[in-house]
Protein chains: 2
Amino acid sequence: MASGRVNQKTRTRHALLQAAVDLVRQGKPPSMAEAAELALVSAATAYRYFPSAQALWEEASLELTEPWELDVIDAAGEDPAARLDAVVQSIGWHMLDEEVPYRNLARASLERWFREAGLPEHERVPVREARRMRWNAKALEPLRDQLPEPTIDQLVNALALVWGTEAVVVLRDVCRLDVEEAKRVMLNAARWMLEGALALTSTEVVD
Amino acid sequence: MASGRVNQKTRTRHALLQAAVDLVRQGKPPSMAEAAELALVSAATAYRYFPSAQALWEEASLELTEPWELDVIDAAGEDPAARLDAVVQSIGWHMLDEEVPYRNLARASLERWFREAGLPEHERVPVREARRMRWNAKALEPLRDQLPEPTIDQLVNALALVWGTEAVVVLRDVCRLDVEEAKRVMLNAARWMLEGALALTSTEVVD
DNA sequence: ATTATGATGAGAATATGGTCTCACGTCAAG
DNA sequence: CTTGACGTGAGACCATATTCTCATCATAAT
């Protein structure tokens, strides 16, 4: 027996998570009290399942994230540009359509940096698992024999600048674009970045 | 008479700000109490000058920001690439060297977005004054007659993705690069973006 | 130097986020 | 069906951030 009363526990957990998901959707700030109330659970119990409102919000946001499959890329063919387009148009654009949860994740990781800033190197949580990098790498696979290894690595990193949560924040808050304009810029930025890398690769690179 | 006792007030204000600046430099989390103590001022007084610890920290971070002059750009000559390099190498790289205050500003503006998310359109603070855009626009001025207006606008926005606070966060946290690698990628990303825009401008643009 | 104005300090008061305690009721193994 | 382990609720409790109150003291104008 794992430990009696498994159903009860998963039920409460789901109720809490679901409540948090609803609140996140509404852009509400993290609040254990509010989530607990909505989940018809006492605050004390809520804290037994999630260490803090932040944590709950973060998990709820993750819940609102699409579980993209790497297939989209291969489905786009062998042309790196087309593959990159596919990534940006599916994931990148989706982020622009669903800003809130992604902003939550961005905030969470930023906050974590400050919290752990002064701490010893060990005793740190695996901050972010950069899914983004995998997508970029996968999209650029066909370039393996056209570009030198280090250039590809740099390009993968550079593309991480162009689409993703932070890009959403930049395009919306800094550039003050509406969602449609932001999508256009994001896509063009990705295309330009790739094209530029291909064009400049022979000449100057690095500082 | 503006309102007696002006000196006294500016003195306390400066003391507080200076204390906060020191604490920000050390990466300390916002704390009115700590800043007040360091400034030899009571907490109550501190709150008379700044509405919250967050606000004080934000202003202190702004203080640690370099007051860059647009001159750097013209000094780089007429070549857009060189002008862009100048911007990235001065401002962008500086941000990588002085992460803390910039991260503070990023966090502050992100938090503000959430705080004001549910609010009526009016009653909002002018969130961010995008200095970044001005720099990019200025750097690209020589392109005025080579590229169509809308393309330049898009490029200005796209470049905002490549260098700036959010770019610092991406390169350091998501890509997990050390400062030197991050500098190289940031510079190359900017160069690629420009080159790509020049190369693709005639063919496909926008979605 | 005197004084009225207004800045300040100390600490009480409030709000909020999170922890702890313990009595209660329920689920599941027997 | 019984029963004991275990999840839960209610509220006390603590810590921190911000506000309030009022007495005190410094400063600028006289």
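Chain B superposes on chain A after a rotation of 179 degrees with 0.0 Å of shift along the axis, at an RMSD of 0.2 Å. The superposition is by least squares on the C-alpha atoms of residues with pLDDT of at least 70 in both copies. The two copies are thus related as by a two-fold rotation axis. Gly196(B) is the residue of chain B that comes closest to this axis, with its C-alpha at 1.9 Å.

The model is predicted: local features need pLDDT of at least 70 and side-chain atom pairs count only at pLDDT 80 or more, while totals for chains, interfaces and linings use all residues. Residues are numbered from 1 along each chain as its sequence is written, and chains are lettered from A and ligands numbered from 1 in the order in which they are written.

**Confidence and composition of chain A**

The predictor's confidence in each residue, pLDDT, runs from 0 to 100. Its mean over chain A is 89, and 89% of the residues of chain A reach 70 or more. Confidence in chain A is highest in H9(A), at 97, and lowest in helix H7 (residues 99-115) of chain A, at a mean of 89.

Chain A holds eleven helices and zero strands; helices (H or I, at least four residues) and strands (E, at least two) are DSSP runs numbered from the N terminus. Of its 207 residues, 36% count as buried. A residue is buried if 20 or more other C-beta atoms lie within 10 Å of its own, exposed if 12 or fewer, and partly exposed in between, with C-beta atoms placed from the backbone. Residues 24 or more positions apart account for 65% of the contacts in chain A with a separation of 6 or more, a contact being two residues whose C-beta atoms, placed from the backbone, lie within 7 Å.

Asp153(A) is found in helix H9 (residues 149-162) of chain A. Asp153(A) counts as partly exposed because it has 18 C-beta neighbours inside 10 Å.

**The contact between the chains**

Chain B and chain A each give 51 residues to the contact. On the side of chain B that touches chain A, two or more residues come from each of H7, H8, helix H9 (149-162), H10 and H11 of chain B. H11(B) provides the largest share, 15 residues. This side of chain B divides into 31 nonpolar, eight polar and twelve charged residues. Here Ala, Val, Leu, Ile, Met, Phe, Trp, Tyr, Cys and Pro count as nonpolar, Asp, Glu, Lys and Arg as charged, and the others, Gly among them, as polar. The copies meet through the same surface, because 100% of the interface residues of chain B are also interface residues in chain A.

**Two helices of chain B**

The expected span of a helix is 1.5 Å times one less than its number of residues.

| Helix | Number of residues | End-to-end C-alpha distance | Expected span |
|---|---|---|---|
| H6(B) | 18 residues | 25 Å | 26 Å |
| H7(B) | 17 residues | 24 Å | 24 Å |

H6(B) has a kink of about 30 degrees centred on Val88(B), where the bend is the angle between axes fitted to the seven residues ending at a residue and the seven starting there. Val88(B) is also among the buried residues of H6(B), which include Pro80(B), Arg83(B) and Gly92(B). The buried residues of H6(B) pack against helices of chain B, including H5 (71-75), H7 (99-115) and H11 (179-200).

In H7(B), the buried residues include Tyr102(B), Arg107(B) and Trp113(B). The buried residues of H7(B) pack against H7 and helix H10 (165-174) of chain A, together with helix H1 (6-25), helix H4 (53-63), H6 and H10 of chain B.
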